[in-house]
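Here's a model to poke at. Let's ask how a few of its labels are earned.

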Amino acid sequence: DYNRAKNNEQPMFCVQIDNDEIKKYNEEFEKKQYLEEKNISSIEIKETGLSSEKPAKSYTLNQDEMYELAKLIDSLTFSEETCDGMSDYFIVCTDEQELKSYGIELYSDTTHITSAGAGEAVLNDEQREQVNELLKNLEA
């Protein structure tokens, strides 16, 4: 803008930004902020490794997956009453100061997430599907 520059003012630029780009940026910012507020720097899903026939597999989640799983765990209602099953997988959430661990128990008709401090939560069908999608990454 010539007149603004002539008067020693900052020129103004018009940048056209797609609403989808703004929405995507806001979603990414929200995910990052949520994980920072929860002090989560990484989440890894690991097989329990109870079998010595093959090494236990593990998968480190990306930011989208971490956000999805952290929100899922936060939405669960844990009960002190547990079925005392064995965890098939572990969820390990880490930050600079502490480590939080959860177990995943898989059954033919249900899935449970366990926490040493909170007990056990039974997943609904939608939550179970979310966890199953993450577990598929161990096979990739």
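What follows is a short back-and-forth on a predicted model.

Q: What makes E2 and E6 the edge strands?
A: The open sheet has six strands in the order E2-E1-E3-E4-E5-E6, with antiparallel pairing. Strand E2 (58–60) and strand E6 (119–122) each pair on one side only, so they are the edges. From one strand to the next, the twist averages 20°.

Q: How do you know that E3 and E4 pair?
A: Pairing takes at least two bridges between two strands. E3 and E4 have six, in the antiparallel sense, so they count as a pair. Along the way, Ile91 stands opposite Tyr102 in E4.

Q: What makes H3 a helix that packs on the sheet?
A: Contact means heavy atoms within 4.5 Å, and H3 touches strand E1 (42–47), E2, E3, E4 and strand E5 (111–115). Its direction makes about 80° with that of E1.

Q: Which strands does helix H4 lie across?
A: Helix H4 (residues 125–135) lies across E1, E3, E4, E5 and E6, and runs at about 105° to E4.

Q: Why is Tyr102 called a lining residue of the largest pocket?
A: A lining residue has an atom within 4 Å of a pocket point. Tyr102 is listed in that lining, along with residues including Lys38, Ile73 and Asp95, so it has such an atom. The pocket's volume is about 180 Å³.

Q: Which element gives the most to that lining?
A: That's H3, with three residues. Strand E3 (89–94) and strand E4 (99–106) each supply at least two.

Q: How do the lining residues divide?
A: Five are nonpolar, two polar and five charged. Tyr and Cys count as nonpolar, so Tyr102 and Cys93 go in the nonpolar group.

Definitions and conventions: Residues numbered from 1 in each chain as written. Predicted model: local features only at pLDDT ≥ 70, side-chain atom pairs only at ≥ 80, totals over all residues. Heavy atoms only, no water. 1 Å grid on protein atoms, 1.4 Å probe; cavity = no way out; pocket = protein on both sides within 12 Å on 5 of 7 lines; lining within 4 Å. Points joined across faces, edges and corners; volume = space filled by probe spheres on them. Helix = DSSP H or I, 4+ residues; strand = E, 2+ residues; numbered from the N terminus. Axes fitted to C-alpha atoms, helices over the stretch in contact; angles between N-to-C directions.
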